[in-house]
Structures are given as structure tokens and as C-alpha cells.
Amino acid sequence: MIQVLLAILLGALTVTWASNTIINGMEKGIATKTLTAVDAIQQAKQQYLIDNPETDPAAVASFATPQPYLMVMGTPVTTEAQLMAGTGGRSVTSYGSYNTGLALSKPINPAYVTPSMQPIVTMINSGPGSGSGG
């Protein structure tokens, strides 16, 4: 009887460990995808400024202006949903200005990114400000 209980306990521990590993892996993937999307947006905003030098860097940005510069796997992005696919249901709530960061509908958990990325995640989670936001 003890052997059966021990086998059940060992099986339960194995399932718990495996499910935690899978969930952590998924969360890390979502965080990475989100950071990739944020970086693409920030780069697109900067490219827009380069191509449109008359634009005030402090002006409010929107999806429409950097959109021509956004690509997903070599395909031009036509909607924000296409850009934010795979980010755990996040959307951009504010594009900030051209020289600041942006704000997301849900924060990124810093526990799922490398230590070197944690300051960037903190900046993104705090919304548009004076930093680059990504």
C-alpha cells in the first residue's frame, strides 16, 4: 500500500513540475513577443521621425504613423492586432510621443525576462514617460 501511495505522490510531483515548467516557458515566450513588438514600434516611431523631420518629436504618436514601417516575419503589419498577436492579449493603450515610450493594456511580468531586460520592462510597465520605453 505504501508503494502505491509513494508512486502516486511521485507522479503528482512530476506532473506539478512539468506543468510549472510549461507555464513558465509560455510566459517567457509571451514576454519576449511583447518586448519584440514594443521594440518594433519604438524603431518604427524613430524611422518615422527620420523620414519626416518636420514632425515634432513631442507630438502624440498613433498606430497610423509608424504602421508603414512595421513588419511581422517580413510581412507588412496592417492592424495593431496583427502586431500584438501572441502577446497574451495585450494591446497598446498609448503610443506616447515620438521621443517617449508607450503603454500596454497589461504589464509584463519582469520575472519572465532576463535581468538585463528588467529595467526596460519596468519602463514599459510605467507607461509613456521621458524614457525610450523599449
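Leaving aside neighbours within four places in sequence, with which residues is L70 in contact? The model examined here is predicted, so that local features require pLDDT of at least 70 and side-chain atom pairs count only at pLDDT 80 or more, while totals for chains, interfaces and linings use all residues. Residues are numbered from 1 along each chain as its sequence is written, and side-chain values use heavy atoms, with hydrogens and water left out.

With those neighbours set aside, L70 is in contact (heavy atoms within 4.5 Å) with A40, I41, A44, F63, T75, P76, V77 and L83. In the largest nonpolar core (buried Ala, Val, Leu, Ile, Met, Phe, Trp, Tyr and Cys residues joined through side-chain atoms within 4.5 Å), which has 23 residues, I41, L70, L83, V92, L104 and I108 touch the most other members. Two or more residues of this core come from each of α1, α2 (80–84) and α3 (118–125); helices are DSSP runs of H or I, at least four residues, and strands are runs of E, at least two, numbered from the N terminus. The most is given by α1, with eight residues.

Helix α1 also holds T34. T34 is buried because its relative accessible area is 0%, where buried means under 20%, exposed over 50% and partly exposed in between (1.4 Å probe, protein chains only). Apart from neighbours within four places in sequence, T34 is in contact with T87, R90, L104 and I108.

T55 lies in the loop between α1 (2–51) and β1 (71–72) and counts as buried because its relative accessibility is 17%. By contrast, M1, in the segment before α1, is exposed because its relative accessible area is 77%.
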